[in-house]
Amino acid sequence: MILDLAAAAAHALRFDDLGLSPVALDLGFFTLKWYSLAYLAGILIGYWYLLKLVAQPGSPMARRHADDMIFYATLGIIIGGRLAYVVFYQPEILRHPLDILKLWNGGMSFHGGVVGVSLGILYLARKEGLSWLRVHDYVACCVPFGLFFGRLANFVNGELWGKETDVPWAMIFPTGGPFPRHPSQLYEALLEGVVLFAILAFAFWKTKARYKPGMLVGLFLFFYGLFRFSVEFFREADAQLMEFAARTGLHMGQWLCVPMILGGLYLIVTAKGRRVRVEPIAGSASVS
């Protein structure tokens, strides 16, 4: 196997040859990284798409609710994503609590971001008298944008690469040793971004899924969990969690996907039974 990898390394693509840099703009006194732009692009484009969805008949919320949603979603992504990363991936940070605030050092969990956004939706729905499950359906359709840009940013950063391999498209990453590896960031960008968006877009625009509370968010949870679980077989476990992966047989990301897959499947199977007449008014003054 080592000989095969050594032979593959001689012809493999080299990340350094792409000329990519984690920094998008450096003015000396101000530095803007692609990872920050990925979050910004995901949120703004997701908000634009949410407005398109809300404008369709039978929306569970009005434009003003979507405006509020972007605020709560952003808070949920940052707070939930960071706290979950610390708890599940690097608990040693808890020894120095102030380090939790050092977002510029990296370290965000998508699973935690999902929980954070869900809590934001629950708060908004309760405050405005909206159907929390149907709001989840609409927001879920927008999430693949953030996933797509986030995984591209991981690739540009040369991080979260995959396992060693001799496939023709393997790449040698600067921090990944001398042997070529799966560009698993691109696998995830394709599956969790492009393919997942296509599935949800088809369900929203070409079927009556949006009138079955829980169907769209169920599809999101099920297919995201399935895609992430599958790609993790090609992705190298986080350095600090190598022992955990060897001991349990699965990566931390895979274990966190199991409840997503099961929960998504439950929502899909039971969605038809929750279908109700969709009124044009949601909440106290939500006219769609």
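Which residues are buried in H6? Before I answer, a word on the model: it is a predicted one, in which local features need pLDDT of at least 70, side-chain atom pairs count only at pLDDT 80 or more, and totals for chains, interfaces and linings use all residues. Residues are numbered from 1 along each chain as its sequence is written, and side-chain values use heavy atoms, with hydrogens and water left out.

Now to the answer: in H6, the buried residues are Pro144, Phe145, Leu147, Gly150, Arg151, Ala153, Asn154, Phe155 and Val156, where buried means under 20% relative accessible area, exposed means over 50%, and partly exposed lies in between, with a 1.4 Å probe and protein chains only. Helices here are DSSP runs of H or I with at least four residues, strands are runs of E with at least two, and both are numbered from the N terminus. The buried residues of H6 pack against several elements, including helix H7 (184-206) and helix H8 (215-231), and contact means heavy atoms within 4.5 Å.

Let me stay with one residue of this helix, arginine 151, which is buried with a relative accessible area of 9%. UniProt, in an unreviewed entry, lists Arg151 for "binding site"; UniProt positions are given in the numbering used here, feature names are shortened, and annotations may be inferred rather than shown by experiment. Leaving aside residues up to four places away in sequence, arginine 151 touches Leu160, Gln185, Glu188, Ala189, Glu192, Tyr224, Arg228 and Arg235.

Which residues are linked with Arg151 in a network of salt bridges? They are Glu188, Glu192, Arg228, Glu232 and Arg235, a salt bridge being a side-chain nitrogen of Lys or Arg within 4 Å of a carboxyl oxygen of Asp or Glu. Side chains of opposite charge can pair when their charged atoms come close. Glutamate 188 and arginine 228 form one such bridge, with their closest N and O atoms 3.8 Å apart. Because glutamate 188 lies in helix H7 and arginine 228 in helix H8, this pair ties together parts that are 40 residues apart in sequence. Glutamate 188 counts as buried at 2% relative accessibility, and arginine 228 is buried too, at 4%. As for H8 itself, 13 of its 17 residues are buried, so this helix is largely enclosed by the rest of the structure.

Elsewhere, glutamate 128 forms a salt bridge with arginine 64, at 3.3 Å between the closest N and O atoms. Glutamate 128 is buried at 12% relative accessible area, whereas arginine 64, at 33%, counts as partly exposed.
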